[in-house]
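Me: I am new to reading protein structures. Could you take a close look at one part of this one with me, and then show how the rest is arranged around it?

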Amino acid sequence: MSAATTRSRTARTPVPDRLCAEAVDLARAAAEEAAAPGVVGEHVAVVPEGDRVVTHYFECKDPAYRGWRWAVTVARASRAKNVTLDETVLLPGGDALLAPEWVPWSERLRPGDMGPGDLLPTEADDLRLEPGYTGDDEPPPNSPVSGELAELVESEDAELTTRPAAETPRRGSIASVADELGMRRARVLSRYGLYAAADRWDEGFGAKTPMAQAAPATCVSCAFLVPLAGSLKQAFGVCANEFGPADGHVVSLSYGCGGHSEAAVMPKPPKPAPHALDTMQVDEYPLRPARDSGSVPAEPDAPSEDLGHS
């Protein structure tokens, strides 16, 4: 019973091989060859990996790898006295500085990360998108897009296409009709894509934002609101107020701000009263009074009588 217990304990915690454990110089030389002289620090531990297999750990003095350790594994064959090198690696320790967990680019991409020249591919089964037109590429039976109409389109519109010949859809197909009707988009927004965009826009410029809570009125009655087309016009528009916080952004009809067109209409400035004294007009004053002014007689008086004064 005691022998079995001893064997089980030995299997769980193997004793390091003596010759492999003493091969510290061999392990250090291998670590310095893999790294550089002076980077390999003190010998810190010896860990048995199995029968006649031992790993020596050395401190790493590289400032970029704080807390890492050089691990050199040595081994020897059965009944052999020569210790051979197995592998040399740099492993993180318990307090090592590690890089964050890798995240796919599609999950770490954030709004505003794209720059000029960047390409953002979309998956073929993106839930936000759906085909721009439905149905088989072949026209259905008794369809007007067949026969003579296809030949007419081929003859009239062959020189107007701007796409390479390899990408030009076959005339008479649904894809070619979609091109002629202005529906050249292979995929359009799906219902999921519309709902996701609506939730995102409402979160940024919606009724629950602090600006909308303090606004005197909503955007639905604002003259600066430019409605959208399609089904989104029932809930969203574009702000065209250059002084508003949402200028050029898609806003909810329930959003609002202090720049509402009818929130506070400024009164017209009062018209100033005319001056009581016109200082711009020139008044003419004659040196002599006019004869018909009443201040002098029109004819000279008769000779005055002598009053007897000397």
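**A close look at strand β3**

Reply: Let's start with strand β3, residues 68–75, which is largely enclosed by the rest of the structure because seven of its eight residues are buried. Please keep in mind as you look that this is a predicted model.

Now look at the neighbours of β3. On strand β2, residues 53–60, you will find an antiparallel partner, and seven bridges link β2 with β3. One pair to pick out here is Glu 59, which stands opposite Arg 69 of β3. Strand β4, residues 84–92, is also a partner: β3 and β4 run antiparallel and are joined by eight bridges. In that pairing, Trp 68 sits opposite Pro 92 of β4. As general background, strands of a sheet pair through backbone hydrogen bonds, and they can do so in a parallel or an antiparallel way.

Next, follow the chain out of β3. The loop between β3 and β4 holds Arg 76, while Asp 17 lies in the loop between α1 (2–12) and α2 (18–21), so this pair ties together parts that are 59 residues apart in sequence. The two form a salt bridge, with their closest N and O atoms 2.9 Å apart. Are these two residues buried or exposed? With a relative accessible area of 12%, Asp 17 is buried. Arg 76 has 19% relative accessibility and also counts as buried, because the cut-off for that word is under 20%. In general, side chains of opposite charge can pair when their charged atoms come close.

The count of salt bridges comes to three, so let's visit the others. Arg 18 and Glu 22 meet through their side chains at 3.5 Å, N to O. Both Arg 18 and Glu 22 are exposed. Asp 126 forms a salt bridge with Arg 128, and the closest N and O atoms there are 2.8 Å apart. Within this pair, Asp 126 is buried at a relative accessible area of 16%, whereas Arg 128 is partly exposed at 42%.

Let's move on to the surface. Trp 105, Leu 109, Met 114 and Leu 120 make a nonpolar surface patch of about 370 Å². One of them, Leu 109, is found in the loop between α4 (105–108) and β5 (129–131). Leu 109 has a relative accessibility of 31%, so it counts as partly exposed.

Further along the chain there is an open sheet of three strands, in the order β7-β8-β9, with antiparallel pairing. Its edge strands are β7 (225–227) and β9 (250–252), each of which pairs on one side only. From one strand to the next, the twist averages 50°. Strand β8, residues 236–239, pairs with β9 over three bridges in the antiparallel sense. To find this pairing on screen, look for Phe 236, which stands opposite Ser 252 of β9.

Finally, step back to the whole chain. It has eight helices and nine strands. Of its 310 residues, 22% are buried. The chain exposes about 24,000 Å², and carbon and sulfur atoms supply 56% of that area. Among contacts between residues at least 6 apart in sequence, 49% join residues at least 24 apart.

Key:
Residues are numbered from 1 along each chain as its sequence is written. This is a predicted model: local features need pLDDT of at least 70, side-chain atom pairs count only at pLDDT 80 or more; totals for chains, interfaces and linings use all residues. Side-chain values use heavy atoms; hydrogens and water are left out. Two strands pair if DSSP finds at least two bridges between them. Helices (H or I, at least four residues) and strands (E, at least two) are DSSP runs, numbered from the N terminus. Axes are lines fitted to C-alpha atoms, for helices over the stretch in contact, and angles run from 0 to 180 degrees between N-to-C directions. Patches are made of residues with over 30% relative accessible area and no salt bridge: like charges are joined within 9 Å, nonpolar side chains (Val, Leu, Ile, Met, Phe, Trp, Tyr) within 5 Å. Accessible areas come from the Shrake-Rupley method with a 1.4 Å probe; for residues, only the protein chains shown count as cover. A salt bridge is a side-chain nitrogen of Lys or Arg within 4 Å of a carboxyl oxygen of Asp or Glu. Buried means under 20% relative accessible area, exposed over 50%, partly exposed in between (1.4 Å probe, protein chains only). Contact means heavy atoms within 4.5 Å.
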